[in-house]
Amino acid sequence: MKLTRRLTLAAFAGALTLGTAMPAFAADLIAIITPAFDNPFFKAEAVGAEAKAKELGYETLVMTHDDDANKQSEVIDTAIGRGAKAIILDNAGADATVAALKKAKDAGIPSFLIDREINVTGIAVAQIVSNNYQGAQLGAQEFVKLMGEKGNYAELVGREADTNAGIRSQGYHDVIDDYPDLKLVAKQSANWSQTEAYAKMETILQANPDIKGVISGNDTMAMGAIAALQAAGRKDVIVVGFDGSNDVRDSIKAGGIKATVMQPAYAQAQKAVEQADAYIKNKTAPKDEKQLMDCVLINADNADKLETFALKN
């Protein structure tokens with residue numbers, strides 16, 4: 001009784017510190033933490049996880065960390081203070097996340113990671129991520145085909161702290177580098193941002209007016225690149241993205257971006273909640289902590305079937 005009272009008072013104090021009204025302490029609460037919702041991929045994760053959690057009878061606490069490791073620590077502390085039964089997390093950095101998750105584990109709260117891995121095992125119960133290397137190879141193969149196996153191209157890379165950025169870039173180059181007539185003339189990080197990608201694309205285009213293609217580490221940057229190219233009147237430049245967003249689907253259908261690679265964001269998040277439910281109820285952990293879900297190439301042939309990071313039948 002005394003321990004419960006102390007935990008409740010600690011949660012109350014935390015809520016006052018955050019300047020928010022104190023929510024009811026939930027006996028069966030799942031915390032869902034992702035980067036900001038201005039990226040539709042992360043919003044789809046949160047929506048998918050929340051829908052599955054509610055279907056299974058849980059209350060939910062949905063929070064964002066905005067790719068800020070310090071803010072991530074704060075919201076994980078909030079989940080701990082609220083007595084969450086599990087944490088579903090798309091993390092804010094492979095290294096920066098480890099200490100916060102260890103704190104949750106020490107508090108008896110299991111974590112189930114989606115989309116992004118961390119650099120250690122044994123702290124999270126599951127790490128369910130897209131097969132980024134396989135997906136990048138699919139995208140690169142399509143890019144090579146669209147480019148006719150030759151020409152100057154640029155690459156937009158995601159956040160350097162994000163493991164996925166490096167995996168996707170490696171997957172791209174393990175295919176593209178086999179074609180000596182494809183020349184990489186610029187490689188820059190736009191930090192997964194559409195605004196940054198627009199600015200970087202303007203600069204790249206000024207320095208390389210003969211550019212023929214752009215391969216991007218995600219769809220948000222691809223959207224920034226195509227906007228800059230279209231503003232410059234360069235509708236001839238081939239752009240390929242990665243994620244499978246509805247925005248890029250619409251661009252493909254309109255003849256803008258040529259292809260993307262769909263990550264199963266919604267299904268991935270729901271799978272994490274299902275595994276959390278099994279662990280909460282029966283202490284049943286998945287056979288493998290690290291689990292890969294394959295990606296799917298999206299182009300003009302199947303764009304009509306894409307809806308919110310899933311393919312309709």
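Let me start at the boundary between the two domains: across the interface of domain 1 and domain 2, the rule finds two salt bridges. Keep in mind that what we are looking at is a predicted model.

First, what are these two domains? Domain 1 is made of residues 29-128 together with 265-292, and domain 2 covers residues 132-262. So much for the bounds. Between the C-alpha centres of domain 1 and domain 2 the distance is 29 Å. The contact involves 11 residues from domain 1 and 13 residues from domain 2.

How much area is buried between domain 1 and domain 2? The figure is about 800 Å², and carbon and sulfur atoms give 37% of that. On the domain 1 side, three residues stand out: N39, R116 and E117 supply 39% of the area that domain 1 buries against domain 2, which is more than any other three residues.

There is also a record to mention. The unreviewed UniProt entry carries the annotation "domain: Periplasmic binding protein" for residues 30-283. In the model, that span is 48% helix and 19% strand, and its end C-alpha atoms lie 15 Å apart.

Now the sheets. I will take the one with six strands, an open sheet with the order 2-1-3-4-5-11 and parallel pairing. Which strands are at the edges? They are strand 2, residues 59-64, and strand 11, residues 290-293, and each of them pairs on one side only. From one strand to the next, the twist averages 15 degrees.

Within this sheet, strand 1, residues 29-34, is joined to strand 2 by six bridges, and the two run parallel. If you want a place to look, find A31, which stands opposite L61 in strand 2. Helix 3 packs on this sheet and touches strand 1, strand 2 and strand 3, the last being residues 86-89. The direction of helix 3 makes about 165 degrees with that of strand 2.

The other sheet on my list has four strands. It is open too, in the order 7-6-8-9, with parallel pairing. Its edge strands are strand 7, at 182-189, and strand 9, at 238-240, each pairing on one side only. Here the twist averages 20 degrees from one strand to the next.

Strand 6, residues 151-157, and strand 7 run parallel and are joined by seven bridges. One pair to find on the screen is N152 with its bridge partner in strand 7, K183. Two helices belong in this part of the picture. Helix 6, residues 163-176, lies across strand 6, strand 7 and strand 8, the last at 213-216, and runs at about 165 degrees to strand 6. Helix 7, residues 194-207, packs on the sheet as well, touching strand 6, strand 7 and strand 8. Its direction makes about 140 degrees with that of strand 7.

Last, back to salt bridges. How many does the structure hold? The count is 17. One of them is between K103 and D77, whose side chains meet at 2.9 Å, N to O. That pair links distant parts of the chain, with K103 in helix 4, residues 98-106, and D77 in helix 3, residues 69-81, the two being 26 residues apart. Another salt bridge is formed by R159 with D67, where the closest N and O atoms are 3.6 Å apart.

That is the end of my part.

Definitions and conventions. Residues are numbered from 1 along each chain as its sequence is written. This is a predicted model: local features need pLDDT of at least 70, side-chain atom pairs count only at pLDDT 80 or more; totals for chains, interfaces and linings use all residues. Side-chain values use heavy atoms; hydrogens and water are left out. UniProt positions are given in the numbering used here, feature names are shortened, and annotations may be inferred rather than shown by experiment. Two strands pair if DSSP finds at least two bridges between them. Axes are lines fitted to C-alpha atoms, for helices over the stretch in contact, and angles run from 0 to 180 degrees between N-to-C directions. Contact means heavy atoms within 4.5 Å. Domain bounds come from an automatic or database domain assignment. Buried area is the accessible area (1.4 Å probe) that two parts lose on being put together, summed over both. A salt bridge is a side-chain nitrogen of Lys or Arg within 4 Å of a carboxyl oxygen of Asp or Glu.
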